[in-house]
Amino acid sequence: LSPDEIAVGVMALFLSGTYSFNMLIANTWRPGLSTLLAPTFWLTSDPEIFVRIGLVANAVIAGIGAMWLARLGQRLTRLSGPGLVVTAIAVSVMPASLSASSFVWAEPLITLSFLASTWYVLRCYDDVTIGTCIAAIGWSLVGFTAHGRMLPFVVLVTGAVAAAALTKQRWKLSLSAVCFALSGAILSAWYANFVFDAVWEVRTNDHTAGSVLSRLRRPVPVLQTALGQLWYLMVSTATLFGLGVYVLVRSATGHRRGVPKRADTVVLLVLTLPMLVMSIVFTSDRGRSDFFVYGRYNDAIVAPIIIVAAAWLVLESRSALSRTWWWLVGGMSLLTLELGLLVNQLRGEALAAGSEIPMISGLQPLAGPGGSIDVIPATAAGLAISALLFWISRMHARPQQLLAAAATTTLITAGVMAHRAFAPWLDGES
C-alpha cells in the first residue's frame, strides 16, 4: 500500500463511525475519497475487501471521467460519433491515466472533478445560469475536498464563472458565485480539519500553502523542475502535449479559426496552465528523484490538451501546409530531445538509480528494476512513437484506421510493459 492508500483507509474507517485509528505524525491527506468509501466499513471490517472495493470505485470514477472527456472533446474538437468515443477512451487508458485508478487514492476523483468543472465553465460562456455556475464551482470544490492542491483551481473556476456573469451584466449572479465558492471552500476546509484533528496526532507541514510558497524563494530549483516535468509530459504523451498546447495557443491568439473556439481555448489555458505551474512549485527542491520529473499532479489535468492534439492528427495533419507540418514535427522533436539532454545532465544518475514509479506512471512502461529510468532511451522511445503517429497522419489518405491500429498496439504494449514494471512494487518486492 502507498501512504495515500493507508490514509484513505484510516479516514474512511473514522468517518464510518465503526472504529478510529491514529495516524500519529505524518503528512495529511484530504478526506474526499474517504467520504465516498466510508460506507464500505458498514459492510465489512476486512481491509483487503476495502481495498478491492476502492479499486472498483476508482475504476468506475475513471470511466465516468472518460465520458466527461468525450463531452469536452465534442466541444473542443471536430471529432464526433465513434471517432470521438474511441479517442476519449484511448486518452483515458494511456499508462499515466490507467495507473491513476490502480490505487485507492484521489487521482481519478480529481480528474473527474477537473473535467466536469471545466465543461461547466465553458457552458457558462454560452449561457450563464445559476445552475451552470453552481455545477462548475461545485465540481471544483469536490476536487479541493479530495486534494489540497486543487484550491488554486477553485479560485480559477470562480474567477472564470464570475467573469462570465459580468460579461452578461449579471452582477448579482457574479457576486453569488463568489459567495458560494467562498462558503464551499470554508466548509471543505472545516471538514478536512475535523478529520485531521480526529485522525492525526501531529501534522507535518510539507503540504501546506506556506511550504509551497516558500519554494518560490529558490527560483533555480523551480526552473529545473519545470524542465523535468515538461520533459515528462512530452515523453509520456509522445509529444502530444506539446502539439495540443500549440493548437490551443494558436487558437487563443486568433491565428487559427474554427474548432476549438477562441473563447474556449482561452478558458481552458487559464484553468490548466496555472495548475501545471502549481505542480512545478510544489515538487521543486525535494529530495526524491521522481519529484524532478513528477507527473502525477499533471497527468490528472492534461487530458483535454491531449484530445485536442489527437484530433489535429486525425483531422488536420494531412491538410496542413508542408512547411507548417515539418516545423511542427521538427520543433516537437528538437524540444523533446533538448529537454532529455538537460534532464539527463541534471538528474540522469538519480533517475537511473530508482524512482517512485506511481508518481511518474507515464514512464512506467520504460522503467527498469527498482523504478529506474534511463533518460536518453526513454526520450528516444517517446520520439519514435511520435514520429510514427505524425507519419501515419500525414502520409495516408485515410489515416483514421491506421492511427487507431497504431494507438491500440502502442497502448496494449505499454500496458503490458507497465504491468511488468509495476507488479514487483505492488507485491512489495521493490
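Here are some notes on this predicted model, going from the whole chain down to a few residues.

1. **Make-up.** You're looking at a mostly helical list of elements: the protein has 19 helices and two strands. Its radius of gyration is 21 Å, close to the 22 Å from the globule rule for 430 residues, so the protein is as compact as a globular protein of that length. If you want a feel for the dimensions, the C-alpha trace spans about 65 × 60 × 45 Å along its principal axes.

2. **Inside and outside.** Of the 430 residues, 53% are buried. The accessible surface adds up to about 19000 Å², and carbon and sulfur atoms account for 66% of that.

3. **Who touches whom.** Take the contacts with a separation of 6 or more: 76% of them link residues 24 or more positions apart. The two residues picked out below, R149 and D264, each have contacts of this kind, for instance R149 with M275 and D264 with R75.

4. **Charges.** The protein carries 28 positive and 21 negative charges. Work out the mean position of each set and the two points lie 16 Å apart.

5. **Helix α7.** This one covers residues 107-124, which makes 18 residues. From first C-alpha to last it reaches 26 Å, close to the 26 Å expected at 1.5 Å a residue. How many of its residues are buried? The count is 16 of the 18, so α7 is largely enclosed by the rest of the structure.

6. **R149.** Have a look at the loop between α8 (130-146) and α9 (151-167), where R149 sits. Is this arginine buried or exposed? With a relative accessibility of 5%, R149 counts as buried, because the cut-off for buried is under 20%. Setting aside neighbours within four places in sequence, R149 is in contact with E107, I110, M275, M278, R296, Y297 and A300. Residue 107 is also where α7 begins.

7. **D264.** Here's a second charged residue to check, this time in helix α14 (residues 262-283). D264 is buried too, at 2% relative accessible area. Beyond residues up to four places away in sequence, D264 touches R75, L76 and L122. For a sense of distance, D264 and A26 are 238 residues apart in sequence, and their C-alpha atoms are 41 Å apart in space.

8. **Putting R149 and D264 side by side.** Both residues reach α7, which runs over residues 107-124: R149 contacts E107 and I110, while D264 touches L122. Helix α14, residues 262-283, holds D264 itself, and R149 is in contact with M275 and M278.

Conventions: Residues numbered from 1 in each chain as written. Predicted model: local features only at pLDDT ≥ 70, side-chain atom pairs only at ≥ 80, totals over all residues. Heavy atoms only, no water. Helix = DSSP H or I, 4+ residues; strand = E, 2+ residues; numbered from the N terminus. Rg over C-alpha atoms; globule rule 2.2 N^0.38 Å. Buried < 20%, exposed > 50% of the residue type's maximum accessible area, 1.4 Å probe, protein only. Contact = heavy atoms within 4.5 Å. Areas by Shrake-Rupley, 256 points an atom, 1.4 Å probe, with all protein chains shown as cover. Lys, Arg positive; Asp, Glu negative; His and termini not counted. Charge placed at Lys NZ, Arg CZ, Asp CG, Glu CD. Expected span 1.5 Å × (residues − 1).
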